[in-house]
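I opened this notebook to record what I looked up in the structure, entry by entry. The entries begin with the whole chain and then turn to single residues.

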Amino acid sequence: MPKDFSGKNLRGHNFKGQNLTGAKFIGADIRGANFTNAILREADFTGAKAGLQRRWTIFLVTISLFLSLIAGVISALASFWVVAFFPSDVIIYRVSITV
C-alpha cells in the first residue's frame, strides 16, 4: 500500500534508503528532506514545495558574501602591492612588451 504524505509538512524529514514506491507527496512541504538512496518509482510530487530550508539559504548567501568580500580585499591588497613596489615606468615597459 503506497504511503500518502499529501499536504504534510515534511521539512528536514529523513527518507534515506526507504522504499517509497507509489508514495504521494501532493502539495507537501519537502524542503530539506533527505531522499538519498530512496526508491521513488511512481511517486507523485505534484505541487510539492522543494528546495533548501530558509536558514540554509541565509547561511549559504552569507558565506558567499563573506568570501566575495575576502576576495575583494585580497585583490585590492595585491593591486596596492604592485603599485607600491614597482615604478610606473617598469609596469608600462613590461605591459608594452607583452602586447
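**Entry 1. The whole chain.** I began with the surface: the protein chain exposes about 7,800 Å², and carbon and sulfur atoms supply 64% of that area. I note here that the model is a predicted one. I then looked up the secondary structure and found two helices and zero strands in the protein chain. Of the 99 residues in the chain, 15% are buried. I also looked up the reach of the contacts. Among contacts between residues at least 6 apart in sequence, 2% join residues at least 24 apart.

**Entry 2. The nonpolar core.** Which residues make up the largest nonpolar core? I listed 11 of them: Phe-5, Leu-10, Phe-15, Leu-20, Ala-23, Phe-25, Ala-28, Ile-30, Ala-33, Phe-35 and Ala-38. For context, I recall that nonpolar side chains tend to be buried together in soluble globular proteins. I took Leu-20 as one member of this core and looked up its contacts, leaving aside residues up to four places away in sequence. Leu-20 touches Lys-3, Phe-5, Phe-15, Phe-25, Phe-35, Ala-38, Ile-39, Leu-40, Arg-41 and Ala-43.

**Entry 3. Aromatic pairs.** I searched for ring pairs and found eight aromatic pairs in the structure. One of them is Phe-5 with Phe-25, a stacked pair with 5.0 Å centre to centre and 15 degrees between the planes. This pair links distant parts of the chain, since both residues lie in the segment before helix H1 (54–85) and are 20 residues apart. Are the two rings buried or exposed? Phe-5 has a relative accessible area of 14%, so I entered it as buried, the cut-off being under 20%. Phe-25 is at 0% and therefore buried by that cut-off.

I then looked up another pair that includes Phe-25. Phe-15 and Phe-25 are edge-to-face, with 5.7 Å centre to centre and 85 degrees between the planes. Both lie in the segment before H1, so the pair ties together parts that are 10 residues apart in sequence. Phe-15 is buried, as is Phe-25. Finally, I recorded one aromatic cluster, formed by Phe-5, Phe-15, Phe-25, Phe-35 and Phe-45.

**Entry 4. Salt bridges and Asp-29.** How many salt bridges does a search of the whole structure find? I recorded two. In one, the side chains of Arg-11 and Asp-29 meet at 2.8 Å, N to O. This pair links distant parts of the chain: Arg-11 and Asp-29 both lie in the segment before H1, 18 residues apart. The side chains of Arg-31 and Asp-29 also meet in a salt bridge, at 2.8 Å, N to O. As general background, side chains of opposite charge can pair when their charged atoms come close. Arg-11, Asp-29 and Arg-31 are thus entered as linked in a network of salt bridges.

I looked up the accessibility of each residue in this network. Asp-29 has a relative accessible area of 10% and is therefore buried, being under 20%. Arg-11 is partly exposed at 41%, and Arg-31 is partly exposed at 22%. I also listed the contacts of Asp-29, again without residues up to four places away in sequence. Asp-29 touches Lys-8, Asn-9, Leu-10, Arg-11 and Lys-49.

**Entry 5. Thr-46.** I located Thr-46 in the segment before H1. Which residues does Thr-46 touch, not counting those up to four places away in sequence? I found Phe-25, Ile-26 and Gly-27. I also looked up Thr-46 against Ser-6: the two are 40 residues apart along the chain, and their C-alpha atoms are separated by 9.4 Å.

**Entry 6. The nonpolar surface patch.** I turned last to the surface. A nonpolar patch is formed there by Leu-52, Trp-56, Phe-59, Leu-60, Ile-63, Phe-66, Leu-67, Ile-70 and Ile-74. Together these residues have about 880 Å² of accessible area. I checked Phe-59 as one of the patch residues. Phe-59 is found in helix H1. With a relative accessible area of 44%, Phe-59 is partly exposed, because the value falls between the 20% and 50% cut-offs.

Technical notes: Residues are numbered from 1 along each chain as its sequence is written. This is a predicted model: local features need pLDDT of at least 70, side-chain atom pairs count only at pLDDT 80 or more; totals for chains, interfaces and linings use all residues. Side-chain values use heavy atoms; hydrogens and water are left out. Rings of Phe, Tyr and Trp (its six-membered ring) pair if their centres lie within 6.5 Å; planes under 30 degrees apart count as stacked, over 60 as edge-to-face and the rest as tilted. Helices (H or I, at least four residues) and strands (E, at least two) are DSSP runs, numbered from the N terminus. Buried means under 20% relative accessible area, exposed over 50%, partly exposed in between (1.4 Å probe, protein chains only). Contact means heavy atoms within 4.5 Å. Patches are made of residues with over 30% relative accessible area and no salt bridge: like charges are joined within 9 Å, nonpolar side chains (Val, Leu, Ile, Met, Phe, Trp, Tyr) within 5 Å. Accessible areas come from the Shrake-Rupley method with a 1.4 Å probe; for residues, only the protein chains shown count as cover. A salt bridge is a side-chain nitrogen of Lys or Arg within 4 Å of a carboxyl oxygen of Asp or Glu. A nonpolar core is a set of buried Ala, Val, Leu, Ile, Met, Phe, Trp, Tyr and Cys residues joined through side-chain atoms within 4.5 Å.
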